[in-house]
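Please open the structure in your viewer and keep the selection tool at hand. The tour below proceeds from one selection to the next and describes what is found at each stop.

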Amino acid sequence: MKLKPGARFSTICIHAGQEPDPSTGAIITPIFQTSTYVQTALGEHKGYEYARTQNPTRAALEANIAAMEGGRAGFAFASGMAAINAITSQLASGDHVVVTDNTYGGTYRLFEHVLRRVSLDFSYVDTSNLDAVAAAIRPATRLLFLETPTNPVMGISDIAAVSALARDRGIRVAVDNTFASPCLQQPIALGADLVVHSTTKYLNGHSDSVGGIVVARRDEDLEWLRFVQNAAGGILGPFDAWLVLRGTKTLAVRMAEHNRNGQAIAAYLTTHSKVRRVYYPGLPDHPQHALAARQMRGFGGMLAFDLGSLDAARALLNGVRLMSLAESLGGVETLISHPATMTHASVPPERRAAIGITDGLVRISAGIEDIADLLDDLEQALARV
Ligand SMILES: Cc1ncc(COP(=O)(O)O)c(C=O)c1O
């Protein structure tokens, strides 16, 4: 292992968990596309028995992202949702979870339509308000599930303060760090117990893989996640693990560009007469701007803005040429989407209204194209609104 303790973030991205292949010296971990491993004699093997349980490509990715997040180990799953499900698999019926109110629509769907069936209970609160978090905690609360920044209205929760509150009460804190990536925010250093990602987004960064990962630090979580990865089997395949590893090497340079373009697009939109409101934590009038500046190293590439009506949003979304109208985020290409009918369609209309997901709301995942081209595209599309 070449990495010294104290290595900086971009060095960790490139080198953590990456050893030359012992059989050839290949600098890049190969795609170990195998389902099983030959044993030299009964009970004698090289630590690998069956590929649901262990795979060297997946192990290299897990070590890489665990180091980026400052956790003790990572566990890669077939999607972000499978990773979130693995965290909740530790709960037992009757347990209660406090959840950030404008969490990703798929997370809400998992909690409400799958896990309520096995008698888990969920309360959705504005976790940027500590009093609201404290008030939602019950004797049965076992987990605080934070998403910060939130999808899509970019609310910021104070990870350190929420973690302190949870620690006093013996409750675990899990943070969905998909929007920020470990480049901008490391929840474990701020006191969280578990970090989860849809690796589909910034970690992969190239819109060519679906995956998820949980990074943990407590002994009992490490033990459970290792067990559940094998027992429930929702693992990430070796080719996807390799694609994400290829992505993480450039995370630091990509995020610097995402930050720059996100900030520039948000600033441009605030000056446009057809835009009613812009949601971006890097704007000084964002309600948690000071907290974001303290907690994050850059404000990221995600932003949302309100055009006032579905017709206006439709005109813009149908009018863009360079930006692609698509779900997902975090890739090198700029994506634009309509949360109310796309990512958050599974959230009931009255809940959407309560958290600001209006029919006129548009979300942008700023890619890393030249900013002048992105602003030209927005300008011509806004002229059609
Ligand atoms: C914040 C957040 N968490 C989790 C997920 C789910 O990840 P996946 O689509 O990889 O299952 C998404 C997907 O958009 C997301 O935006």
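Begin by selecting arginine 58 and glutamate 62, whose side chains form a salt bridge with an N to O distance of 3.4 Å. The model in view is a predicted one. Both arginine 58 and glutamate 62 belong to helix α2, which spans residues 56-69. They are four residues apart, about one turn of that helix. Counted by the same rule, there are 14 salt bridges.

Next, display the ligand together with its surroundings. Which of the 13 residues around the ligand come nearest? They are Gly80, Asp176, Ser198, Thr200 and Lys201. Select threonine 200 and show its side chain: an N or O atom there is 2.7 Å from an oxygen atom of the ligand. Then add methionine 81, where a backbone N or O atom lies 2.9 Å from a ligand oxygen atom. Asparagine 151 should be added as well, since a polar atom of its side chain is 3.2 Å from an oxygen atom of the ligand. A surface rendering is useful at this point: taken alone, the ligand exposes 390 Å², and the protein buries 90% of that area.

Keep asparagine 151 selected and turn to the backbone. The peptide bond leading from asparagine 151 to proline 152 is cis, with omega near 10°. Proline 152 sits in the loop between β4 and α6. Now select threonine 148 and proline 149; the peptide bond joining them is also cis, and its omega is near -5°. Proline 149 is located in the loop between β4 (141-147) and α6 (159-168).

For another backbone feature, move to serine 119, in the loop between α4 (105-114) and β3 (121-125). Its phi is positive, at about 65°, although serine 119 is not a glycine. Most residues other than glycine have a negative phi, and most peptide bonds are trans.

Finish on the surface by selecting Asp370, Asp373, Asp376 and Glu379. What kind of charge gathers in the patch that they form? The patch is one of negative charge. Within this group, aspartate 370 lies in the loop that runs between β12 (361-365) and α14 (371-382).

Notes: Residues are numbered from 1 along each chain as its sequence is written. This is a predicted model: local features need pLDDT of at least 70, side-chain atom pairs count only at pLDDT 80 or more; totals for chains, interfaces and linings use all residues. Side-chain values use heavy atoms; hydrogens and water are left out. Patches are made of residues with over 30% relative accessible area and no salt bridge: like charges are joined within 9 Å, nonpolar side chains (Val, Leu, Ile, Met, Phe, Trp, Tyr) within 5 Å. Accessible areas come from the Shrake-Rupley method with a 1.4 Å probe; for residues, only the protein chains shown count as cover. A salt bridge is a side-chain nitrogen of Lys or Arg within 4 Å of a carboxyl oxygen of Asp or Glu. Lys and Arg count as positive and Asp and Glu as negative; His and the chain ends are not counted. The place of a charge is taken as NZ of Lys, CZ of Arg, CG of Asp or CD of Glu. Helices (H or I, at least four residues) and strands (E, at least two) are DSSP runs, numbered from the N terminus. A residue is near a molecule or strand if one of its heavy atoms lies within 4 Å of it. A polar contact is a pair of N or O atoms within 3.5 Å; within protein, one must be able to donate a hydrogen and the other to accept it, and residues adjacent in sequence count only if both atoms are side-chain atoms.
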